[in-house]
Amino acid sequence: MILTYIRVTIRPLGPWRVGAVGQDQAALETLRDNAGRPALPPSSLAGSFRACIDEAARKLLMGQEKTKDGKPEASALWFLGTRLTGVEDGQPEIRRRTATAVDRNRRAARNHGSHDVEEVYDTETIQLYLRHEGDPAEALRLLGKWRVTIGGGISTGLGRAEVTAISYRTLDLSHPADLLARVSLRDAGPDALDALLQGGTDHKVAAGESLTLLEATIRIDGLNLPTQDLKDQLRPEDHWFHGTRWKGILRGRVEYIGRSLGLDICGAEDQQWRGCGKCAVCEVFGSGETGAGRWSFHFTPLKPDHPAGRTRNAIDRFTRGVAEKKLFPEKTVTSQARLVIGQLDGVETHHAWVLKALLLALRDLQEGYLGIGGRTSTGLGSVRFEKLRLGEELQRFGMTATTPEAAEGITEAEIELERTHRSLKEKEEKEKMQHA
Ligand SMILES: [Zn+2]
């Protein structure tokens, strides 16, 4: 029998989370081990790998639920375990942040719409250990070009990662020396496997270029970072700008632009908003119905300077007086930030106006019609673009702007294209319903 042990080194490009059913009803928790540290089950990575390979490879490596005679078939590739290491000899850290659901009418935080989300920060590397039975060539080839993702929240930029190294050792159990090496692997924990792999071989990793829709370097003036205590140092999560925030800000504006053009775009009134699943914005940005959408809004590092604390008083909503004992301390920083939108999938021709609207939303940010950080009414969160680069997809649609001011307007023809597409789609659906 031929057995191959494989170690894949994965580098997360930002925070990640693996959903867990926790005790706390008001929080989306991430999975923990028995000691309360962040855990990443190998099955989660197996899911990411499975999603990246085709049906034939899935059959070959991952096994099938049932074969023809009804017996479950074992997979050739086993995901044995993971080991996490933190940055600078530290430990990966679970941080909680309060995600505020935005009231889509008022563009302000909903009163009762907030919940906590846990994310894992400061992970330097993830070592994934695998075992393969038989000729390992195909498994190694596919692992070498694996575009790995960790856990959930991919379209909001969580869990982006890359494979940086693959090391493996093949044992032929008909050879006494290899058999001995296998037997001495008494407990197949990470230490034993690392020891075995010291005599192993490196497999080349194909640097997988992921497609970028657009990238921008910006400066945010007066960015608010919520804090427990103004004397606190900046926390790990303060050094990241959340993809969810970018997505929320830009999606809201694109919807608004669409409605201003007279298009039938969802999002205006529904309180329990998960997207209509029918309009062009849902198709591109995703919805409860249509899934993750075509783009991913990356978590991007912040470089905050001049942190200055300030305290805000909560104003009582009815008396307009300062509510007692309701202080929300915030740190206000000026920070360089980046906006990176990755492409999970291409858009269709009738989406041209959405692409234009996205750039117009950036122009609205630059010109101060939109701000960042939820406190823009208090004069914070103004944005200045220092660099803007459009990816191939936007260029394919004839867009050439290198600054938000140069963003082109949406043409009548593009609006008409969207209208025609929508009415054709609705007609088709009606016909389908009648036949059903
Ligand atoms: Zn919609």
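Helices (H or I, at least four residues) and strands (E, at least two) are DSSP runs, numbered from the N terminus. Residue numbers start from 1 along each chain as its sequence is written. This is a predicted model, where local features need pLDDT of at least 70, side-chain atom pairs count only at pLDDT 80 or more, and totals for chains, interfaces and linings use all residues.

**Exercise 1. Find the loop between E4 and strand E5 (93–103) and look at Glu-88.** Is Glu-88 buried or exposed?

Step 1: Start with the cut-offs: a residue is buried if 20 or more other C-beta atoms lie within 10 Å of its own, exposed if 12 or fewer, and partly exposed in between, with C-beta atoms placed from the backbone.

Step 2: Glu-88 has 6 C-beta neighbours inside 10 Å, so it counts as exposed.

Step 3: Now check its backbone: phi of Glu-88 is near 50°, a positive value in a residue other than glycine.

Step 4: Asp-89 sits in the loop between E4 and E5 too. Its phi is also positive, about 60°, and Asp-89 is not a glycine either. With 7 C-beta neighbours inside 10 Å, Asp-89 counts as exposed.

**Exercise 2. Work out the order of the open sheet of five strands.** Which strands stand at the edges?

Step 1: Two strands pair if DSSP finds at least two bridges between them. Tracing the pairs gives E4-E7-E1-E8-E9, with antiparallel pairing.

Step 2: Strand E4 (77–86) and strand E9 (201–203) are the edge strands, each with a single partner, so one side of each has no neighbour in the sheet.

Step 3: Zoom in on E4 and strand E7 (residues 123–133): nine bridges join this antiparallel pair. Across it, Arg-83 stands opposite Gln-127 in E7.

Step 4: Add helix H1 (residues 42–52), which packs on the sheet and touches E4 and E7, its direction making about 115° with that of E4. Contact here means C-beta atoms, placed from the backbone, within 7 Å. Axes are lines fitted to C-alpha atoms, for helices over the stretch in contact, and angles run from 0 to 180 degrees between N-to-C directions.

**Exercise 3. Check the span and burial of helix H8 (residues 352–366).** How many of its residues are buried?

Step 1: The expected span is 1.5 Å times one less than the number of residues. For the 15 residues of H8 that is 21 Å, and the helix reaches 22 Å from its first C-alpha to its last, close to expectation.

Step 2: Of the 15 residues of H8, 13 are buried, so the helix is largely enclosed by the rest of the structure.

Step 3: Finish just past the helix, where Gly-368 follows H8 with a positive phi, near 85°.

Conventions. Contact = placed C-beta atoms within 7 Å.
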